[in-house]
Amino acid sequence: MDKPFLQRRYLLSFDTRHIGHIFTDVLVIGTGAAGLRAALAAAETSQVLALTKGALAHSNTYEAQGGIAAALDPADDVEAHIADTVACAAGIGDEQVIRRVVSAAPVTVREMIAWGLPVDREGRRPALGREGGHSAARVVHADGDATGRHLAETLIARARDHENIKVFENCFVVDLLTDEGAAVGAVTVHPRYGLQMIWARQTILAAGAAGTIWRETTNPPNATADAIAVGFRAGAELADLEMVQFHPTTLYVAGATRALISEAVRGEGAHLVDREGERFMAAYHELGELAPRDVVSRAIVAEMARTHATHVFLDVRHIGAERFRRRFPQIHRLCADFDLDVGRDLIPVHPAAHYMIGGVRVDAEGRSSLPGLWACGEAACTGLHGANRLASNSLLEALVLGEAVGDLAAAEAAGENGRLTAHKIVAQNPPSERTELDLADIRNSLRSVMLRNAGIVRTGARLAETREIVCFWGRYLMDKEFFDPAGWEAQNMLTAALLVVECAFRRTETRGVHYREDFPDTDPAWARHQALRRTDLQLVVS
């Protein structure tokens, strides 16, 4: 590993004695479903400050088209949902966490409905869809393909109304503050108030989206792996960073931003076809289009290679344009914007980076290895997903474990004695002596090489080459101080990309979403998690 990624503890130089301070009981970094649910739980007994680097609505949750998985049908049961989750996790799921989260699903969904989530209904009951990897229809949606937006709006409204929650928008967390081996807050920059130190009795990291490390992604542009990078620099243990889920179907229109075509479309009966209009998924898995996402993504890549094509197609013509419009209004509008008539035309699709399974490693209660730091949602590696996430389990995880982490962090904060005070911390980075590189070029080049070499299909030689390339860029970026989000995001992306590549290189097997072409079989010796942390300029792997 190259030292520039490991030497820099703080991205900015500072002396806490000369900077403004803010104090709170519980600091929540990230305002997607996990962060907001944690904030709401913590606010029942503590003062909470929630930070987001953009607007409240700019989150992966808001963009989510998928739903919330819960065994609500009388013909379904929690045990079946647990079994599906365990199977999808490919041998490294934590069954204690799986049972805890899945068992809480029905109560959690009903709570969100009581809070105002407008779920789709069939008569008086929630309408339930089926998605890949599920043995039954158990996915709750809101307005068809707008579940994330409605869930985010429900949580945002409740957080804004809570007297114990203060929200700072457009507030960039550059680094976590640590003192004597514990998390004590965060270094932040606000466009109006500048550099600030936020001190907290307990800190919850919930800003986990990382999709923009890859050129093709369903994530919004602000999903720059900030939680992975700041957690690593602070010394928290990370785990399973090689486990990155690609969504099989994003709209492919050359030159346009990629947009998700929800798995629920396949659950509704859509077919995947090649350029000749022939279905192909039956040759890859007995569940066909409803196979787990990693299987579908690899099948599409294989078909693209076989036919020398840039994409395959979703065929929804047999569903009917009007039924499709009612069921998936956002996707229908998206297709119409590109002059695609879903009743007549095939929808061009290909895979894109979607969900980060790995993250800050936490125990069953959400505690990280760094005292004072908790993590939830996509920022955390909880063991729920193992090596592959079951569709629509992520919003469920965010809500269930977000609430649990908020409760526990608030209880821990309440148990601390004494007045919360600022710590004397001085960070001094030496001036860079190297040439400046163009940030936009580095960012675009990084995303391209990560898609080619650390995407759906990987080999040891390509991963080793990618490590060398990323380390080279790092020598010219990680030794510098930037004073705007573009610079910090680029540094975070490089850091997280290197860690992903390192973990993918070391896992010499195929398991779940991690596919090594040079090690195509699953190795029982690798039925374990891969953890790393920053210690004495080394990567410690267990």
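**Rings, sheets and cores in a predicted model**

Let me start with a single residue: phenylalanine 280 counts as buried, because its relative accessibility is 6%, and buried here means under 20% relative accessible area, with exposed being over 50% and partly exposed in between, for a 1.4 Å probe and protein chains only. Tyrosine 284, by contrast, has a relative accessible area of 34% and is therefore partly exposed; I will come back to these two.

Before going on, I should say that this is a predicted model, in which local features need pLDDT of at least 70 and side-chain atom pairs count only at pLDDT 80 or more, whereas totals for chains, interfaces and linings use all residues. Residues are numbered from 1 along each chain as its sequence is written, and side-chain values use heavy atoms, with hydrogens and water left out.

First, the overall picture. The protein chain has 15 helices and 24 strands, which are DSSP runs numbered from the N terminus, helices being H or I with at least four residues and strands being E with at least two. For 542 residues, a compact globule would have a radius of gyration near 24 Å, and the 22 Å of the protein chain agrees with that; the radius is taken over C-alpha atoms, and the globule rule is 2.2 Å times the number of residues to the power 0.38. Along the principal axes, the C-alpha atoms fill a box of roughly 65 × 50 × 45 Å. Of the 542 residues in the protein chain, 61% are buried. If we take contacts with a separation of 6 or more, 74% of them are between residues 24 or more positions apart, contact meaning heavy atoms within 4.5 Å.

Now to the aromatic rings. The structure holds six aromatic pairs, where rings of Phe, Tyr and Trp (its six-membered ring) pair if their centres lie within 6.5 Å, and planes under 30 degrees apart count as stacked, over 60 as edge-to-face and the rest as tilted. One of the six is the tilted pair of phenylalanine 172 and tryptophan 488, at 5.1 Å centre to centre with 50° between the planes. Which parts of the chain does this pair link? Phenylalanine 172 belongs to strand 10 (residues 172-179) and tryptophan 488 to helix 15 (residues 485-506), so far as position goes 316 residues apart and in distant parts of the chain. Phenylalanine 172 and tryptophan 488 are both buried. Phenylalanine 280 and tyrosine 284, the residues I opened with, form an edge-to-face pair, with 6.4 Å between centres and 90° between planes.

Two arginines also sit over rings. Arginine 158 lies over the face of tryptophan 115, 4.0 Å from the ring centre, and the charged end of arginine 467 is placed over the ring of phenylalanine 505, at 4.6 Å from its centre; the criterion is that NZ of Lys or CZ of Arg is within 6 Å of the ring centre and within 35 degrees of the ring normal.

Next, the sheets. Five strands form an open sheet in the order 15-14-18-17-16, with antiparallel pairing, two strands being paired if DSSP finds at least two bridges between them. Strand 15 (259-260) and strand 16 (271-273) are at the edges with a single partner strand each, so one side of each has no neighbour in the sheet. Strand 16 is joined to strand 17 (residues 312-315) by three bridges, and the two run antiparallel; within strand 17, aspartate 315 is the bridge partner of histidine 271.

Finally, the interior. The largest nonpolar core has 69 residues, of which Leu205, Trp214, Ile228 and Met450 touch the most other members; such a core is a set of buried Ala, Val, Leu, Ile, Met, Phe, Trp, Tyr and Cys residues joined through side-chain atoms within 4.5 Å. Helix 15 gives the most to this core, namely twelve residues. Methionine 450, setting aside its neighbours within four places in sequence, contacts Ile213, Trp214, Gly455, Thr466, Ala497, Val500 and Val501. A second, separate core of 49 residues includes Val97, Met112, Ala159 and Ala409.

Is leucine 370, in the loop between strand 19 (359-361) and strand 20 (373-375), buried or exposed? Its relative accessibility is 7%, so leucine 370 counts as buried. Apart from neighbours within four places in sequence, leucine 370 contacts Thr178, Gly181, Ala182, Ala183, Ala234 and Ala236.
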